[in-house]
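User: Hello! Please take a close look at one helix and its two ends, and then show me how it sits alongside other parts of the chain.

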Amino acid sequence: MTDMPSFLPFVDPAGKHRAEADRTLVLPRVTGAPLIRPGVARHSGATLLLLPIEADNMQSFAIAAPVTGTCRPITLPGAMTLVELSPLPFAARRVLRRLPGLPTFYLGWEGVAQPPADDMLVQAGEVLATTPKAFAGLLFDDRMALSPVSWVELVAAAMTGVDSAAAVTAWRALTAFAGTERALRVLDHVGRPLAGERIRVASGAGSSTVTTGDDGSLPLPPGEVGLLWERDGARPVHALYERALAEQGDRNTSTRPGEQLAVPASVTRGHLQVLDAGRWFAARPEGLDPSLGHVRADSRLEPLVDGMDTLRLLLADLRAATEPGCGAHFAGWSFNDFPFDPADPDSMFTELVTGLRGGAGARFLMDKYLVFHDGAPLDDLHKAAIVLLVAVVDGVLLASIAEKVTTDERGYLATVTLGALAGLLAAALITPEFIIRKIEDLIDGSEELFETMQALVPGIALRARHPARFADNEIRTVINPFPIEPSSFIAGVGSWHQKFQVVRRSPDDLGNRVVGYLGGIDINQNRLDTPGHHGRAWKAPDAISATPSPAAFHDVHARITGPVAADLALTFERRWSFETSLQPPPAPGTTPLGVAFTTPEPTNTTDVPPQDARHLVQVCRSGYRANPSNPGAGTPLPWSPLGERTIFEAIHRAIGQAREYIYIEDQYFTPPDTYIKALLDASEREPGARLVIVIPSGSDQKFGDIRRREMFERLRQDPATGRGWGERMIVAAPLRRPVLADGGRIASQGRLVLHEPISAGADEVVLGPRSRLVSDLPFWLWIEGERMLAVERRADTEVDGVPGRRYLVRRAGGAEPLWGAVPRAHAKGAPVTLAQMKGIYVHSKAIIVDDVFVGIGSCNTNRRGFFHDGEIQAFAVPERLKGSPENPALALRTALWAEHLGIPPAMGRSLLADPVAAFELFRRPFAIGNRLSSFDALGVAPELGFPDEGSAVKQLAAGFGLVVADGAVPWAWNTLVDPTTLTDPDPVEGPELGEV
């Protein structure tokens, strides 16, 4: 007895013929409701090409299930019945493993036959209907609209060597229904057929321009031909979809921007994807260094999620950089000493630097945030103003790290107020020099390592002060409510926020000698975290013990190799030369150090060889433009004297090209108006697209929640135009799993009982014994598994002689489902557990669009990042587009979504391949696996973001803070928090304080 074939023909080819050309069908989109429900296709909104089949004599014939799987009838307008058939993975596992993804079949017919019931299991070969006319189509998880002959051949190739030759022949016979003409189907970057596009076709017989048909069809002459997309002004990228999967090393499968694609004579059918690189990547601005800003082909961008894996890779590269001529360059906001691998005691950063030719092979650019005027007189009033400014700009950062401030504005204002009052007292007691030194050291935290590096090799580290000044800010109309003008003692509040590392090493396995890293990860111990986000903070050996991390740290970085690595190295070299020119004159007889190694040319195949991944990568920067018309303007940047906003432009262009989804991770997300308008335009242009924004549960951007609240409201539905994403947008913050309270000397703290019975609708509970309660509010509690949030302390009480306490609680259910719990009655004595669910601090700055475009870097989504500070970002598109086996956009999205959805990262690629279908998983409640807690788009805080209204001291401080801040917010926001410069195309004042 032989094994049953994995796939069976869905119709008997004998006596049938193809009635007409492939039928194009767009599966109905779903808006305003979850995608996963009866009648809705798994690949909702995707384009589907159906093969029509009918008998010669118009007699009815059977259409059967090609594979064992489950059915779903799809609701369609018109007379056709359509059934979605999803294979059971184990029923055909040997063949499915060899396919480019999980196939979903769509089988249709005209007639009265009833479809199988929803979720019904059918066996391979089981008859679904008897009909005079049938239709068949298939989609993989990438949603590409493959022609039937292509997916039949892909399945046949996967069956070969697994199933019998007879089974493969029987399946391949289905191609008889297709025509014999040679043709390609031209698709856009997400797989939609492109109609009416002009393609120049060159062959031995000459060349001509052919216009694609309504279904994107492009007829080809015999023999080898050359193809070039002729859209006006385009920088076309071409990719043969099927061959890119089958022949990864064949240069003919794709082209660099603007090159002609050579199609071998052996290619008779298939799909040609095209993308206009000029509409995605940023244009090089006027005045930019001629060697910078290019889109580099033959490069590779490898996304890295969270610090542990990133630093281990960097550790390996640094350990391979000890030979003569090797070295490493580091640029960042914050530096300290710690082990790159906590399990490896020999991986301390200072030891790694010492191994780089005794330290001579290292160079550091360490940001110095505040720029005080040299020799400025500081009386008591000035000193008080300094402390107040620091409290406004950076005080909440320290408080939020210590988890003493909620995400509510009142918490921010209270902290600012208390900080200012404390500063007034300190200013009267401490010398100005001490104040300045401590302020500077506390802000960036790099001073200790800077001194260590200078002691190792003098001159290998520079404190880099960003040259932007208050005079360069384009918003100068906001009135300062304070009697002191900050520019009288502080020159500016710019930052070299770039976080990148470049290593010259012995060749790695792919021959790379110069490799680069960039993203959100500084050389800082708080980056040591994994996608699980439940580790412990690293402690120095002389510390008493390791303690739980105060906040888990989520970040994204990238390792880049190939020609684009030379661009990153050149960025450091240009900055090093600039910073060296700004340093005090060297001592007589000494010469400032140059870079540790010379930047290679992008064409140097020895140092930066072409990469088999073949990504198109562009390294972009934020470069402010000095305003010489204002006294006190900053020094122009030598490599971009007219400014550079290529990060903003690349993101803006990518949003303009989005068709299926936009995914954003950001530490702040307080974008300028032009960014919001681009997102609203994308929503209107693509009514089936999705938007996901992941941000931290609390912001250390002062008054940022005011701006965020306004932005989320506009994105949901813009009051000015009525446009918006509605239910197609999800804004969320990741949370850690529940953490039991620190027991201290009370081992059972947090373990209590319910002192009084409660009904399903009650909003008060009495808990005890009182000695086991925690003091902080809010806190989470579980009563027999039902999750509640205690938000207010009511009164102490005593039940049966046991001291207890009454709390006001927030429960799930009703019109607002919240966290997915089901409210129910609980009897007296029910067990209660208290716990906190701490936020996962989102520090990443990443954007992904349509599984084809990815951006990773240091630039936050705000005006300061785009137009004021020094930032760096890398953007990548795989040259092979959707057919790329090493697609960085797909790899990063599935890894990030797996982490946030509580799925093992290794399973993300297979379970989350379809971004539109996977989007619906974000709607799952936290209680059943999601790490994300949804924000209320019209509110200010996530589920955990409730201020502690029980503290009279905090209420008093918050009230005083509101009075002070009512006039201070616009000034502080536009001057200190979110300044801008001449590179801003549309500077707008804001935000208003509003109601709090």
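Analyst: Happy to! Helices here are DSSP runs of H or I with at least four residues, strands are runs of E with at least two, and both are numbered from the N terminus. The part I have picked is helix α16, residues 888-901, and a good place to start is just past its end, where Gly902 follows with a positive phi near 75°.

Two notes on reading the model. It is a predicted model, in which local features need pLDDT of at least 70, side-chain atom pairs count only at pLDDT 80 or more, and totals for chains, interfaces and linings use all residues. Residues are numbered from 1 along each chain as its sequence is written, and side-chain values use heavy atoms, with hydrogens and water left out.

At the other end of α16, Asn887 acts as the N-terminal cap: one of its side-chain oxygens lies 3.0 Å from the backbone nitrogen of Ala889. (That is a polar contact, a pair of N or O atoms within 3.5 Å; within protein, one must be able to donate a hydrogen and the other to accept it, and residues adjacent in sequence count only if both atoms are side-chain atoms.) Between the Asn887 cap and Gly902, the helix has 14 residues, and its end C-alpha atoms are 20 Å apart, in agreement with the 20 Å expected at 1.5 Å a residue. (The expected span is 1.5 Å times one less than the number of residues.)

How much of α16 is covered? Mostly covered is the answer, as 12 of its 14 residues are buried. (Buried means under 20% relative accessible area, exposed over 50% and partly exposed in between, with a 1.4 Å probe and protein chains only.) The buried set takes in Pro888, Ala889 and Leu890, then Leu892, Arg893 and Thr894, and finally Leu896, Trp897, Ala898, Glu899, His900 and Leu901. For the chain as a whole, 59% of the 996 residues count as buried.

Helix α14, residues 704-716, makes a useful companion: its 13 residues reach 18 Å from first C-alpha to last, close to the 18 Å expected. Among its buried residues are Gly704, Asp705 and Ile706, as well as Met711, Phe712 and Leu715. Charged side chains are buried here too, including Arg707, Arg708 and Arg714. Two of these arginines, Arg707 and Arg714, belong to a network of salt bridges with Asp673, Glu710 and Asp718. (A salt bridge is a side-chain nitrogen of Lys or Arg within 4 Å of a carboxyl oxygen of Asp or Glu.)

By this rule the count comes to 54 salt bridges. In one of them, Arg72 meets Asp118 at 3.6 Å, N to O. Arg72 lies in strand β5 and Asp118 in the loop between β7 and β8, so the pair ties together parts 46 residues apart in sequence. Arg72 counts as buried at 19% relative accessibility, while Asp118 is partly exposed at 36%. Another salt bridge joins Arg621 and Glu644 at 3.2 Å, N to O. Here strand β29 and strand β30 supply the two residues, so parts 23 residues apart in sequence are tied together. Both Arg621 and Glu644 are buried. Glu649 and Arg645 also meet in a salt bridge, at 3.2 Å, N to O; Glu649 is partly exposed at 23%, and so is Arg645 at 29%.

For a contrast with the helices, consider an open sheet of 4 strands in the order β14-β11-β18-β16, with mixed pairing. Its edge strands are β14 and β16, each pairing on one side only, and the twist averages 30° from one strand to the next. (Strands pair if DSSP finds at least two bridges between them; axes are lines fitted to C-alpha atoms, for helices over the stretch in contact, with angles from 0 to 180 degrees between N-to-C directions.) Strand β11, residues 183-187, has 5 of its 5 residues buried. Ala183, Arg185 and Leu187 point one way, and Leu184 and Val186 the other. β11 runs antiparallel to β14, with 3 bridges, and parallel to β18, also with 3 bridges. Arg185 has a bridge partner on each side: Ser217 in β14 and His271 in β18. β18 in turn pairs with β16 in the antiparallel sense over 5 bridges, and there Val237 stands opposite Leu275.

Stepping back, α16 is one helix in a chain that has 19 helices and 45 strands.
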